[in-house]
Amino acid sequence: MAKILIVDDSKMSRKMLRNVLEGMGHDIVGEAGNGEEGVKLYKEIKPDAVTMDITMPEKDGLTCLKEIKEFDPNARVVMITAAGQSSKLMEALKLGAKEFICKPYEPEQVINAFKEVLKNS
């Protein structure tokens, strides 16, 4: 069971991710509705993995990813984005994201991404 932080400005997305990840047996240790809050919570909680939306107020997901990786080079971040943002996804992978999921997604995609990200933990 991993400790997971969910960072997404959509309450509905956070709820869906929580349901899928808790269904896998993981513990949701925090939720953030914007990037600024997400980075702050990551530093406080030090979760095993993070779901990070790319498009958010205050601070976007790419900026958050960069700050989290500077704080913790071993951070495991799964980026979540709307379809059609492939250039941002490529940038996220270069910055150190471990996996990515495109919205709208099926629960199976979340399950597979987290199995991959957490398999060596």
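**View 1. Helix 3 (residues 61–71) sits across two strands of this predicted model.** Helix 3 lies across strand 3 and strand 4 and runs at about 175° to strand 4. Contact here means heavy atoms within 4.5 Å. Axes are lines fitted to C-alpha atoms, for helices over the stretch in contact, and angles run from 0 to 180 degrees between N-to-C directions. Helices (H or I, at least four residues) and strands (E, at least two) are DSSP runs, numbered from the N terminus. Underneath the helix label, strand 3 (residues 49–53) and strand 4 (residues 77–82) pair in the parallel sense over 4 bridges. Look for methionine 52, whose bridge partner in strand 4 is methionine 79.

A quick note on reading all the views: residues are numbered from 1 along each chain as its sequence is written. Since the model is predicted, local features need pLDDT of at least 70 and side-chain atom pairs count only at pLDDT 80 or more, while totals for chains, interfaces and linings use all residues, and side-chain values use heavy atoms, with hydrogens and water left out.

**View 2. The open sheet has 5 parallel strands.** Their order is 2-1-3-4-5, and two strands pair if DSSP finds at least two bridges between them. Strand 2 (27–32) and strand 5 (99–103) are the edge strands, each with a single partner strand, so one side of each has no neighbour in the sheet. From one strand to the next, the twist averages 20°. Strand 1 is joined to strand 2 by 5 bridges, again running parallel, and isoleucine 6 stands opposite glutamate 31 in strand 2. Strand 1 is also mostly covered, with 4 of its 5 residues buried; buried means under 20% relative accessible area, exposed over 50%, and partly exposed in between (1.4 Å probe, protein chains only).

**View 3. Helix 5 (residues 107–118) lies across strand 1 (3–7), strand 3, strand 4 and strand 5.** Its direction is at about 170° to strand 5. Helix 5 has 12 residues and reaches 16 Å from its first C-alpha to its last, close to the 16 Å expected (1.5 Å times one less than the number of residues). Val110, Ile111, Ala113, Phe114, Val117 and Leu118 are buried in helix 5. Down the axis of helix 5, the buried residues fall within an arc of 165°, so they line one face of the helix; the arc is that of the directions from the helix axis to the C-beta atoms. The buried residues pack against strand 1, helix 1 (11–23), strand 3, strand 4 and strand 5.

**View 4. Tyrosine 42 and phenylalanine 71 form an edge-to-face aromatic pair.** Their ring centres are 6.1 Å apart, with 90° between the planes. Rings of Phe, Tyr and Trp (its six-membered ring) pair if their centres lie within 6.5 Å; planes under 30 degrees apart count as stacked, over 60 as edge-to-face and the rest as tilted. The count comes to 1 aromatic pair. It links distant parts of the chain, 29 residues apart: tyrosine 42 is in helix 2 (residues 35–45) and phenylalanine 71 in helix 3. Tyrosine 42 is buried at 2% relative accessible area, whereas phenylalanine 71 is partly exposed at 37%.

**View 5. Some loop residues have backbone quirks worth a look.** Lysine 103 and proline 104 are joined by a cis peptide bond, with omega about -10°; proline 104 is in the loop between strand 5 and helix 5. Lysine 46, in the loop between helix 2 and strand 3, has a positive phi near 50°. Glutamate 58, in the loop between strand 3 and helix 3, has a positive phi near 75° and is exposed, with 64% relative accessible area.
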